[in-house]
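This briefing gathers computed features of one structure, grouped by topic for a reader who has the coordinates at hand. Please read the points below alongside the sequence and the model.

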Amino acid sequence: MYLRDGKLPFDGMHEECGVFGVYSNETRDVAHTAYYGLYALQHRGQESCGIAVAYANKVQYFKGMGLVPEVFTGENLAKLPEGDIAIGHVRYSTTGASLLLNAQPIVFTGKCGKMALAHNGNLTNTKKLREELIRGDAVFQTSIDSEVMALLINKYSDGDIVKGVLQACNLFEGSFALVVMTSDKLIAVRDPYGIRPLVLGKSLDDYIVASETCAIDAVGGNVLRDVKPGEVLVIDSEGEHSYFFNREKKTAACIFEYVYFARPDSIIDGCSVYEARKEAGKILAKYCPVDADIVSGVPDSAVVAARGYSEVSGIPYVEALAKNRYVGRTFIQPDQSMRENSVSVKMNALRSNIRGKRLIIVDDSIVRGTTSRKIVRMLRDAGAKEVHMMICSPVVKHPCHLGIDMQSYAQLIGAGRSVKEICEYIEADSLHYLTVEQLLETCRNAKLNFCTGCFDAGYPYSMDGYQADKHKFE
């Protein structure tokens, strides 16, 4: 059992992973560049990580279970050779078990020689594609959709990796931000709706691609632009070349990148994550005023929004919860009593700040509700007179199958329950959410439109084959 930012399994949203790639015009220690880039993307995946390096028409890689500094100790990182190209990956599994076998990058020998691939997202037609490949005598080593993508790219390559990527990507449905590496090329691909983020940067003469701008900043690079939806960006000795395999009329970027997933210092599709979160708090203060003494945020993703709420409402911002920053990704609870106390291991109430106070507590989302209820109880036990919950997103009513580990109605307290019923469940004095329109307003500077499927079932792809689970939250 795992905790991430104080949230129990299915009591928070988990993104799938982060990708990073670097192309250098000279042979050097590109593995270290990938290491620092992955370190900056650690928030996107904490189960496994890996780095692959291209050198002298070969590819050498290392991957393991755990955090970037745990897997890439000095010795393991030193084993990777100097090279021209490197790609890296941090993973949280939404498809495929949490096993070393499923860690990325996927490395294989194909029609274009040694190749490696790393993927952020989730295909919705994996089963169909896998069955077609098996009928053609394909053999799979993993249970992840990324291997399906790698085999299809190889199938259509015929010695031309760009041709293989373009043809294979036309068959993929779902979300995908890809980095693909051969001995002489780095290729970045973003799905036609732009669901998952991908950005291009440069550090001196080195090209860099990453899931977020914070990773480019971490390696001393400058952000050039976002990879466009439907774009296949090829980087080689002649520079960068763009191809398009598909372009949808309407884009559908995942809006939860701004609510929760991305680092606040990242800029995605022209919109500052920090500013979007702060605006969410301001809008909550404008449309959901509550008479209270102090306002605070659940660390870390809701702190910025709480400060925005404070600015507009005039209610002082005071820290109500202290976070234990040394628990890390994987706090394993060996028995039921420890599982029940898991939130208080990760966070604790600041009694002197909240005793006798009417408190507004801001959070990014409510999925299952268990953590919210524990937080409310914790604050009351610490002496809070009232606890009012403000949520920086709408009610999550539908599952997501595009890269978020939230894949059944049974996991969602918002599926079939009113806001009043949710409020009673988490035992708050009041509960307020942003509307879909208000959430979209927080990201008004973004260049793309958004997917709001988890709120209103407005998915960019048909999800009929995924919606067998109609059970309400229990």
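**Helix α14, core, cavities and a buried serine**

In this predicted model, the buried residues of helix α14 are Thr370, Thr371, Ser372, Ile375, Val376, Met378 and Leu379. The points that follow take up the geometry of that helix, the nonpolar core, the enclosed cavities and one loop residue.

**Helix α14**
- Helix α14 covers residues 370–381, and because each of its twelve residues should add 1.5 Å, the expected span is 16 Å, which agrees with the 17 Å that separates its end C-alpha atoms.
- After α14 comes Gly383, a residue with a positive phi, near 110°.

**Nonpolar core**
- The largest nonpolar core contains 57 residues, and within it the residues with the most contacts are Phe256, Tyr258, Tyr309, Ile360 and Val362.
- Two or more residues of this core come from each of β14 (253–254), α8 (256–261), α9 (273–287), α10 (303–313), β20 (358–363), α16 (436–442), β23 (450–451) and α17 (453–456).
- Helix α9 gives this core its largest share, which amounts to six residues.

**Cavities**
- Over the whole structure, a search returns six cavities of 30 Å³ or more, and the largest of these has a volume of about 100 Å³.
- The largest cavity is lined by Ile195, Arg196, Cys254, Ile255, Phe256, Cys400, Leu402, Ile404, Cys451, Gly453, Cys454 and Tyr459, a lining that divides by class into ten nonpolar residues, one polar and one charged.
- The second largest cavity, with a volume of about 70 Å³, has a lining made up of Tyr258, Val259, Ala276, Arg277, Ala280, Ser301, Ala302, Ala305, Asp364, Cys392, Leu439 and Thr442.
- Eight nonpolar, two polar and two charged residues make up the lining of the second largest cavity.
- To that lining α8, α9 and α16 each supply at least two residues, and the largest share, three residues, comes from α9.
- Phe256 is thus found both among the core residues with the most contacts and in the lining of the largest cavity, while Tyr258, also among those core residues, lines the second largest cavity.

**Ser266**
- Ser266 lies in the loop between α8 and β15 (267–268), and it counts as buried because its relative accessible area is 0%, where the cut-off for buried is under 20%.
- The side chain of Ser266 is joined to that of Glu212 by a polar contact of 2.6 Å.

Key
Residues numbered from 1 in each chain as written. Predicted model: local features only at pLDDT ≥ 70, side-chain atom pairs only at ≥ 80, totals over all residues. Heavy atoms only, no water. Helix = DSSP H or I, 4+ residues; strand = E, 2+ residues; numbered from the N terminus. Expected span 1.5 Å × (residues − 1). Buried < 20%, exposed > 50% of the residue type's maximum accessible area, 1.4 Å probe, protein only. Core = buried A, V, L, I, M, F, W, Y, C linked by side-chain atoms within 4.5 Å. 1 Å grid on protein atoms, 1.4 Å probe; cavity = no way out; pocket = protein on both sides within 12 Å on 5 of 7 lines; lining within 4 Å. Points joined across faces, edges and corners; volume = space filled by probe spheres on them. Nonpolar A, V, L, I, M, F, W, Y, C, P; charged D, E, K, R; others polar. Polar contact = N/O pair within 3.5 Å; in protein donor to acceptor, adjacent residues only side chain to side chain.
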